[in-house]
Every structure is written in C-alpha cells, then in structure tokens.
Number of protein chains: 2
Amino acid sequence: MNEPTHDLRRCDATVSLAFTVLGKRWNGMILAVLGGGSMSFVELRRGVDGISDAVLSDRLAELTEAKLVVRSVEPGPPVSVGYDLTEAGRHLLPILDQLGEWAASNLAAPVR
Amino acid sequence: MNEPTHDLRRCDATVSLAFTVLGKRWNGMILAVLGGGSMSFVELRRGVDGISDAVLSDRLAELTEAKLVVRSVEPGPPVSVGYDLTEAGRHLLPILDQLGEWAASNLAAPVR
C-alpha cells in the first residue's frame, strides 16, 4: 500500500482536468457523435440517444465555452445553425476510439 | 450536415458503453489513482481530491461490480483491506495517460 509518488500526482492533475469535461454525463458522447462532422441541433440530439433538448443545450454551451465545440451560422434563407468540433475537440477523437475499444473488450454491456 | 453512417453509430455504441463508467464524476480519477498500485480506502480518498467517504464507497462498489477494481483482504492481525485494479482496469491506464496529455494541451485549467 504505497504512497503515490510526486510524478503520479502530477499526472493525476491532468487526468483530473480531462474529467472536468468528460466525467460529466453525455459530454463524451456529444463529442464522439460530432466526430461525424457538422450537425444541426436536431441531428445531434438524434445521435446522442436519450438526451433531452434542455440538457443538450446546456452541454453544448459548456463545450463551446471549453472551446471544444463551435457553433456556426450559415446565413439563409433559411438560416442554418450547425455544431462542429474545434481542432482541440478533434484531437480527442482517436482517444475516444481507444476508449470504445477498451469498453468493448473489458466492460459487460448494460442490461436493457 | 451529414447523417451519421452505420459504422459511426456502431462505434458510438462502444464509446457510450465506456461512458457508462467514465461519464460519472470521480470514476476516472479513482481508476487513475489506483494505477499507482494497491491502496487502502484512506490512501485512495487522499489521492482523489475532494471526494467524500460515502461517495468513494459507492463508487468503489460500482467499479468492483464492473470488474475494474478488486477489494483484497489481507488477514491480520491487524486485518488490512486494500483496493487494486483488475487487469481490465489496468488496460485503461495508457488511455487515461493520453486523456491527461490531451487535457494539458487542449483544456484551460479551471479557475480556483
């Protein structure tokens, strides 16, 4: 039962920072679904199974504030609003893929 | 504004599975801290900054149920109880490292 070393603690600080965003329900899924490219709010809600409009709206505001998602407005008519990953958000995609592979190999699927 | 493809949706299902565990506050940090080796409850609570006894206890029960953490009892006296990662939990560690590096490069540190 060893005491964590200094280096371990420093590493934990960055992991902790990652989970300020990802350790919150839906955020990882929203980023993964946006990995498919620019989407409207409705398309995104359809992709993130089970999320409500109000929660998706809140999460998009947070992810935009964190500079992981960007909202783009294409002038119309009709005006079209889309959401997309920023470069910082896009850098997360290969790691999300690895998380998916890890889950498929190491977690039991939830009972439905 | 493209429709997600079939392959994308299948990939999202595994990412979604990963976030049934990791998209819950503290779980990622608990696993990262246990990456340092077997620890007592008190050592673990000290490593996961800000968690309460009750929440840590709940989360350890869940992570044990998910077969990512194992509780070991060394017969005493005094009896000593420790927590450790299973092999499935240990497979997550290199991905947590990458998440930490991603966060350090792409997220602003939270204001304290």
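A residue is buried if 20 or more other C-beta atoms lie within 10 Å of its own, exposed if 12 or fewer, and partly exposed in between, with C-beta atoms placed from the backbone. The model is predicted: local features need pLDDT of at least 70, side-chain atom pairs count only at pLDDT 80 or more, and totals for chains, interfaces and linings use all residues. Residues are numbered from 1 along each chain as its sequence is written, while chains are lettered from A and ligands numbered from 1 in the order in which they are written.

**Exercise 1. Classify A:Arg45 as buried, partly exposed or exposed, and list its contacts.**

Solution.
- Step 1: place the residue. A:Arg45 sits in helix 3 (residues 41–47) of chain A. Helices (H or I, at least four residues) and strands (E, at least two) are DSSP runs, numbered from the N terminus.
- Step 2: count neighbours. A:Arg45 has 19 C-beta neighbours inside 10 Å, so it counts as partly exposed.
- Step 3: find contacts. Two residues are in contact if their C-beta atoms, placed from the backbone, lie within 7 Å. Leaving out residues up to four places away in sequence, A:Arg45 touches A:Ile51, A:Asp53 and A:Leu56.
- Step 4: take one long separation. A:Asp97 is 52 residues from A:Arg45 along the chain, and their C-alpha atoms are separated by 20 Å.

**Exercise 2. Do the same for A:Leu60.**

Solution.
- Step 1: A:Leu60 belongs to helix 4 (residues 53–65) of chain A.
- Step 2: A:Leu60 is partly exposed, because it has 18 C-beta neighbours inside 10 Å.
- Step 3: the contacts of A:Leu60 are A:Val69 and A:Tyr83, again not counting residues up to four places away in sequence.
- Step 4: A:Asn27 is 33 residues from A:Leu60 in sequence, with 8.5 Å between their C-alpha atoms.

**Exercise 3. Describe the fold of chain A from its elements.**

Solution.
- Step 1: count. Chain A has 6 helices and 2 strands.
- Step 2: order. From the N terminus on, the elements run α-α-α-α-β-β-α-α.
- Step 3: pair the strands (DSSP must find at least two bridges between them). Strand 1 (residues 69–74) and strand 2 (residues 80–85) of chain A run antiparallel, joined by 6 bridges. One bridge pairs A:Glu74 with A:Ser80.
- Step 4: name the motif. The two strands of chain A form a hairpin with 5 residues between them.
- Step 5: add chain totals. Of the 112 residues in chain A, 35% are buried. Among contacts between residues at least 6 apart in sequence, 43% join residues at least 24 apart.

**Exercise 4. Check the lengths of helix 4 and helix 6 of chain B, then find which residues of helix 6 are buried.**

Solution.
- Step 1: the expected span is 1.5 Å times one less than the number of residues. For the 13 residues of helix 4 (residues 53–65) of chain B, this should give 18 Å; the end C-alpha atoms are 18 Å apart, which agrees.
- Step 2: look past the end of that helix. Just after helix 4 of chain B, B:Lys67 takes a positive phi of about 65 degrees.
- Step 3: the 14 residues of helix 6 of chain B should span 20 Å, and its end C-alpha atoms are 20 Å apart, which agrees.
- Step 4: sort helix 6 of chain B by burial. B:Leu96, B:Leu99, B:Gly100, B:Ala103 and B:Asn106 are buried. Down the helix axis, these buried residues fall within an arc of 155 degrees (directions from the axis to the C-beta atoms). They therefore line one face of helix 6 of chain B.
- Step 5: recall the geometry. An α-helix has 3.6 residues a turn, so residues three or four places apart point the same way.
- Step 6: turn to the other side of helix 6 of chain B, where B:Pro94 and B:Ser105 are exposed.

**Exercise 5. Explain why helix 2 of chain B is largely enclosed.**

Solution.
- Step 1: take its residues. B:Asn27, B:Gly28, B:Met29, B:Ile30, B:Leu31, B:Ala32, B:Val33 and B:Leu34 are buried.
- Step 2: conclude. Since 8 of the 8 residues are buried, helix 2 of chain B is largely enclosed by the rest of the structure.

**Exercise 6. Relate the two chains and describe their contact.**

Solution.
- Step 1: superpose by least squares on the C-alpha atoms of residues with pLDDT of at least 70 in both copies. A turn of 180 degrees and a shift of 0.0 Å along the axis lay chain B on chain A with an RMSD of 0.0 Å.
- Step 2: the copies are thus related as by a two-fold rotation axis.
- Step 3: B:Gly23 comes closest to that axis among the residues of chain B, at 2.1 Å (C-alpha).
- Step 4: the contact takes 50 residues from chain B and 50 residues from chain A. Helix 1 of chain B gives the largest share of its side, 12 residues.
- Step 5: the side of chain B that touches chain A divides into 27 nonpolar, 17 polar and 6 charged residues. Here Ala, Val, Leu, Ile, Met, Phe, Trp, Tyr, Cys and Pro count as nonpolar, Asp, Glu, Lys and Arg as charged, and the others, Gly among them, as polar.
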